[in-house]
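I opened the model to look up one helix, a few charged pairs and some surface details. My entries follow in the order I made them.

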Amino acid sequence: CTFIMGSSKRKKKKTHVSTEATEAVDEVPKSFVVKRGKLPIPLKALVKDVRAMMQPFTAMKLKERKASSIKDYVAIAGHLGVSHLMAFSCPDAGATLRLAKMPRGPTLCFRIQEYSLGKDVVHLQRRPHSPGMEFKVPPLLVLNNFGTDKHAQLCSTMFQNLFPPVDIAKIKLPQARRVVLVTREADSDSFVLRQYVINVAATGISRGIRKVISKKLPNLRKYSDISEYVTGGGASDSEAEDAPYARVTAPPPSRSSRAGSGASTPSRAQPAAVRLTELGPRIRMQLYKIEEGFCDGEVIYHKFVEKTPEEIAALRERKEAERKVKEARKAEQEANVAKKRKREDGESDGSDESDAYAGEGVVVGARPTDSADVDDAEWYRREVGEEPAADDFPKQQHAPSQAAKKDKFLPWYAQKRQDNKKAKPSEEGNKFGGGGR
């Protein structure tokens, strides 16, 4: 038996990203969740929970610097396609949240009244949800009791633009993993924000049968027959019955999921119940101000301060005057900078000419520094034509020799030995009569 290997060329597959997918990602709203100033440790943890809630279109590992300002985030938002900013701060009056649309506003200012972290919410649950792939897709948004007030409608629009829009005709069940619920309390004008994970459970069967058909089999050592487990205490029906509006028709599972489950799952659609498990965080916040611009500008709505039309007109005139003064000061600074640059360019050109002129000849009366033979007195005698006075130019002391420098820094014992050597011939001369007669 002979095998003949045929030569087949490898075909290059399509590896580039489609233009439609790139444009769809660019159109999705993205957000920055940042800290402003010093925050207590629980509030820092709340910032992390809000970042997790805003996934996947947010900067999870964003690092803030102390010197960074709001303008820095606006400068990089255009390059990254960021559309919203959520800034947490903690002044003396209490924790606040500013939700702003980049780059020109408006800005919603909330005062945080109460909040619970995600870990606290999970700790209180009897059967908490284990994290999975729900943060890979954006959450659904549900708004409740927003009413017809103008400021409430503006808040509704801001919250809707904070998350990607949902196309009912194209959305699939695996894409609906989480839901963010924002409820407005009209009497106090407060907003309650909560996050849930969506679970779909089979309905129409008892709890015992559901445990039997699941992957993890129950412990049946106490029962002689499986019917005792299904009809006895092991399968209690204490759970509340699902409401009719909570029942949906789940699509049939895919072929890969049926093959990986190891059980014979029917390929037809089954009735199922939708259940929500809270993930956290919980935030209760009160709207107290709406600004027209990005963290600045005219105040459109204020809960505690009301102004008359005359006061509003005076305030607008003052703001307009401040804007004109600022523009005039900016124009003056730019003119001064241009004048300074022009003067520096002119000075640099003149210095080059003077350097070139100085290089052509020698300045009269310049003192020769490279000649070691000419001292100060000789230079004065040659240039002035008179004899210098005795005290005008004292005699220069020659620099000490290398041997003298070396002797100066010798240790005390070496210095003493050297002094003894110098004094030894004189002692011998005195001993023998001063060197002869």
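Which residues of helix H3 (residues 70–80) are buried? I found Ile-70, Tyr-73 and Ala-77. Buried is taken as under 20% relative accessible area, exposed as over 50%, and partly exposed as in between, with a 1.4 Å probe and protein chains only. Helices (H or I, at least four residues) and strands (E, at least two) are DSSP runs, numbered from the N terminus.

**Basis**

I note that this is a predicted model, in which local features need pLDDT of at least 70 and side-chain atom pairs count only at pLDDT 80 or more, while totals for chains, interfaces and linings use all residues. Residues are numbered from 1 along each chain as its sequence is written, and side-chain values use heavy atoms, with hydrogens and water left out.

**Helix H3**

I checked why Ile-70, Tyr-73 and Ala-77 count as being on the same side of H3. They cover an arc of only 55° around the axis, so they share that side. The arc is that of the directions from the helix axis to the C-beta atoms. An α-helix has 3.6 residues a turn, so residues three or four places apart point the same way.

I then turned to the other side of H3, where Lys-71, Gly-78 and His-79 are exposed. The buried residues of H3 pack against three strands: E1 (31–36), E2 (84–89) and E3 (96–101). Contact here means heavy atoms within 4.5 Å. Just after H3, I noted a positive phi of about 75° at Gly-81.

**Salt bridges**

How many salt bridges does the structure hold? I recorded 12. A salt bridge is a side-chain nitrogen of Lys or Arg within 4 Å of a carboxyl oxygen of Asp or Glu. Side chains of opposite charge can pair when their charged atoms come close.

I looked at Glu-64 and Lys-35, whose side chains meet in a salt bridge at 3.1 Å, N to O. This pair links distant parts of the chain, with Glu-64 in the loop between helix H2 (41–53) and H3, Lys-35 in strand E1, and the two positions 29 residues apart. Glu-64 is partly exposed at 22% relative accessible area, and Lys-35 is partly exposed at 25%.

Glu-64 also forms a salt bridge with Arg-51, at 2.7 Å, N to O. Arg-51 lies in helix H2 and Glu-64 in the loop between H2 and H3, so this pair ties together parts that are 13 residues apart in sequence. Arg-51 is buried, at 6% relative accessibility. I therefore entered Lys-35, Arg-51 and Glu-64 under one heading, because they are linked in a network of salt bridges.My next pair was Glu-320 and Arg-323, with the closest N and O atoms of their salt bridge 2.1 Å apart. Both residues are in helix H9 (residues 309–360), and being three residues apart they are separated by about one helical turn. Glu-320 is partly exposed at 32% relative accessibility, as is Arg-323 at 37%.

**Glu-134**

Where is Glu-134 found? I located Glu-134 in the loop between helix H4 (118–123) and strand E5 (140–144). Glu-134 is buried yet has no salt bridge, and Arg-177, the nearest side chain of opposite charge, is 5.1 Å away. For charge, Lys and Arg count as positive and Asp and Glu as negative, while His and the chain ends are not counted. Leaving aside neighbours within four places in sequence, I listed His-129, Arg-177, Arg-178 and Val-197 as the contacts of Glu-134.

Pro-128 is found in the loop between H4 and E5 and is partly exposed, at 42% relative accessible area. Pro-128 and Leu-279 are 151 residues apart in sequence but 8.4 Å apart in space, C-alpha to C-alpha.

**Surface and totals**

I looked up a nonpolar surface patch of about 310 Å², made by Leu-173, Val-200, Val-274 and Leu-276. Patches are made of residues with over 30% relative accessible area and no salt bridge, with like charges joined within 9 Å and nonpolar side chains (Val, Leu, Ile, Met, Phe, Trp, Tyr) within 5 Å. Val-200 lies in strand E7 (residues 190–202) and is partly exposed at 38%.

For the protein chain, I wrote down 12 helices and 11 strands. Buried residues make up 24% of its 437 residues. The chain exposes about 32600 Å², of which carbon and sulfur atoms supply 54%. Accessible areas come from the Shrake-Rupley method with a 1.4 Å probe, and for residues only the protein chains shown count as cover.
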